[in-house]
Amino acid sequence: MRGGALAGCGVIVLAGCASMPDSGGLQSVEASQRPDSPVRVFALPPRDNAGAKTIVEGFLEALTSDDPSYAMARKYLTAKAAKDWHPERETVVLADGPRPRPLDRANAREEGRLFELTGTRVASLDDQQAYQPDDRGYEGQLHLSLVATAKGKPKQWRIDTPPAGVVLGESDFQRIYQSVNKYYYAVDSASKSGDGGSQRRLVADPVFVRKWADPLTETVKEVLAGPTRWLNRVVTTSFPTKAALRDGTKSLTPDDANKLTVPLDKSADAIGAARCKEMAAQILYSLRDLASSSVEEVELERSDGRLMCTLEKSAAYALVAPRYSQATEYQYFLDDKGRVVRMPGTEGSHKPEQVAGPMGEGERPMRSIAVSRDQERVAGVSGDGRSLYVASMVTNASLGDALVHSAAKAEKDGFTTPSWDAQGDLWVADRDPKNRRLLVFGQGMADRMQEVPVAGLGDDAEIEAVKMSGDGARIALLVDENGTTQLRIGRVERDHGVTGGDVEISVAGLRPAAPEMEEVTAMSWAGGSRLVVVGRESGGLQQIRYVQCDGSTPTGQALPGLTRVSEIAASDTDLPLLAHSDDGIVRLPSGAAWQSVLKAGTAPVYPG
């Protein structure tokens, strides 16, 4: 009910209680075609002689306001508590908001009043503004004292022991905060391009910033602060340690030409031109998805105001984007004879065509495939699920021997759909009940096979699906454990300290990415930090939705339903979703309904 009221207001002032009218007539109003005005909520200071309960309720309401520094919330605290309180250290998100309840004093001599806060956790933000799903109960306490607030006035109730950070409801969290991706470079990500140059891969690191607290400046500050603890092991930043904005810089604003000047402190004074451009690219990519940002160019300044470097969007793309992304990106799938076919990913009517090479010629029917990101090779799992092949998409190429065989007796076991990472390595899971394992083949070669340990994976857990992120630093796994299949995201760690020059690969830091879903049956990466999943909530029907790799759910991105979806595929760009359903292969162009592609097709994929 509160959300409905907010939608029609431009400014909301929190001032005690409100109620819906229960009398009066109805009158018609003209519908407006204009978009809803942004909703801002402002809190009011505590009233004189307010009771302890009113002070607690006013403080909790003030936490949901759009005050960037929580100045009004601090007015409900004692002077010492206001000074010592650090709301940025933690944000606890509760399903229905905190419920305050007065507690009896421990003994008659104890002064002040004590209130208990309870609720059901949904998630929390840590001191790095990183999102963590959480379904535990919440119990907190607030203590109030009578203190003098002004000379000649009676003492007032104020909170002397507030929560460690901010506590608020899920609806308020969604209104106040927005998810942004800050970008860092994948460790060892310099890769040789065809023209002899080198490029680096950027990895999205999602955090949350407050919408009304200058999100552009806050995003830049978050980039400078470095990667979150979860991602830190597999990425690096070009900014120096403890980099910050120049002293006195309160806000950053693009000029009329959409150029953003970022003044840095002394830590960056000795940075050279090449590294400076890498720093600027991190900022440009981190701001490109920010709704309030129109930055087209970034200029970095030294502490004394001298120019370090400038970088435009097009130059940033050339610096970090893979060369092969500029080629036509095709949609691939299998026809009714198990042959690999493709069609351009752009919208419009296209007829599927067989790819060149043995996979397209149908030398051996396949049941699932993965196309390398440069679209030069295809990996396929045989129809019985027990053999994994790799072949070139070149005329007259041969299929050759299988990379590996599975000893699984049942066809439903055997290999999952394979997946290529950004370094050209091939990943697949063997579901043989007697030998479950995650495998990676360096450059898709049989003699470079490794069994990859997955930290945090239970002994009885089975990997049902594998999908590598476009940056190669993270892996998405569908894990069957205790009869349900859940989506987990892990870091891909590469240890170069192994003798013989080999790289030892492992997966660590498994965390849930769709915690509200009871069962996930299909998934695919759909951008830097976003995935599209097929699943259902407890007691619900199958649905298709986007989720973030940190476990949060993007708002306002509902997808139309589809009957009995068994496979889903998305591109890292804005190409249509692909799915395998009761209607065969279908795709979802932007702003349109699902469209049929191939009635008898299966195994839809984009490169990767």
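This report walks through the overall make-up, helix packing and salt bridges of a predicted model.

## The chain as a whole

Let's start with the broad view. The protein chain has 608 residues, of which 50% count as buried. Its secondary structure comes to nine helices and 40 strands.

How far along the sequence do the contacts reach? Taking contacts between residues at least 6 apart in sequence, 57% join residues at least 24 apart.

## Helix 6 against helix 7

Two packed helices are described by the angle between their axes and the distance between the axes. For helix 6 (residues 215-225) and helix 7 (residues 273-287), the axes come within 10 Å and cross at roughly 135°. An angle of that size lies outside the ranges for roughly parallel, antiparallel or perpendicular, so helix 6 and helix 7 are oblique to each other. Their crossing is right-handed.

Which residues make this contact? On the helix 6 side they are L216, T219, V220 and V223, and these meet Q282, I283, S286 and L287 in helix 7. Sorted by character, the residues of this contact are five nonpolar and three polar, with no charged ones.

## Helix 7 against helix 8

Helix 7 also packs with helix 8 (residues 313-320), at an angle of about 110° and with the axes 9 Å apart. That angle makes helix 7 roughly perpendicular to helix 8.

Here K277, E278, A281, L284 and Y285 of helix 7 meet K313, A316, Y317, L319 and V320 of helix 8. The residues of this contact divide into seven nonpolar and three charged, with no polar ones. Charged residues are therefore absent from the contact of helix 6 with helix 7, whereas the contact of helix 7 with helix 8 includes three.

## Salt bridges

Side chains of opposite charge can pair when their charged atoms come close. The structure holds 34 salt bridges, and a few are worth a visit. One of them joins the side chains of R136 and D134, with N and O 2.8 Å apart. Is D134 buried or exposed? Its relative accessible area is 14%, so D134 is buried.

Another salt bridge pairs R474 with D471, where the closest N and O atoms are 2.4 Å apart. R474 and D471 are both buried. Elsewhere, salt bridges with shared partners join D66, D172 and R175 into one network.

## Around strand 29

The side chains of E464 and R431 meet in a salt bridge as well, at 3.3 Å from N to O. This pair links distant parts of the chain, 33 residues apart: E464 sits in strand 29 (residues 462-468), while R431 lies in the loop between strand 26 (426-430) and strand 27 (437-441). The two partners fall into separate accessibility classes. E464 has a relative accessible area of 25% and is therefore partly exposed, but R431, at 10% relative accessibility, counts as buried.

Strand 29 also holds E462. At 12% relative accessibility, E462 counts as buried because the cut-off is 20%. What does E462 touch, leaving aside residues up to four places away in sequence? Its contacts are D413, R431, R436, L478, V479 and D480. R431 thus appears twice in this region: as a contact of E462 and as the salt-bridge partner of E464.

Definitions and conventions. Residues are numbered from 1 along each chain as its sequence is written. This is a predicted model: local features need pLDDT of at least 70, side-chain atom pairs count only at pLDDT 80 or more; totals for chains, interfaces and linings use all residues. Side-chain values use heavy atoms; hydrogens and water are left out. Axes are lines fitted to C-alpha atoms, for helices over the stretch in contact, and angles run from 0 to 180 degrees between N-to-C directions. Helices (H or I, at least four residues) and strands (E, at least two) are DSSP runs, numbered from the N terminus. Angles under 35 degrees count as roughly parallel, over 145 as roughly antiparallel, 65 to 115 as roughly perpendicular and the rest as oblique. A crossing is left-handed if the near helix is turned anticlockwise from the far one by less than a right angle, and right-handed if clockwise. Contact means heavy atoms within 4.5 Å. A salt bridge is a side-chain nitrogen of Lys or Arg within 4 Å of a carboxyl oxygen of Asp or Glu. Buried means under 20% relative accessible area, exposed over 50%, partly exposed in between (1.4 Å probe, protein chains only).
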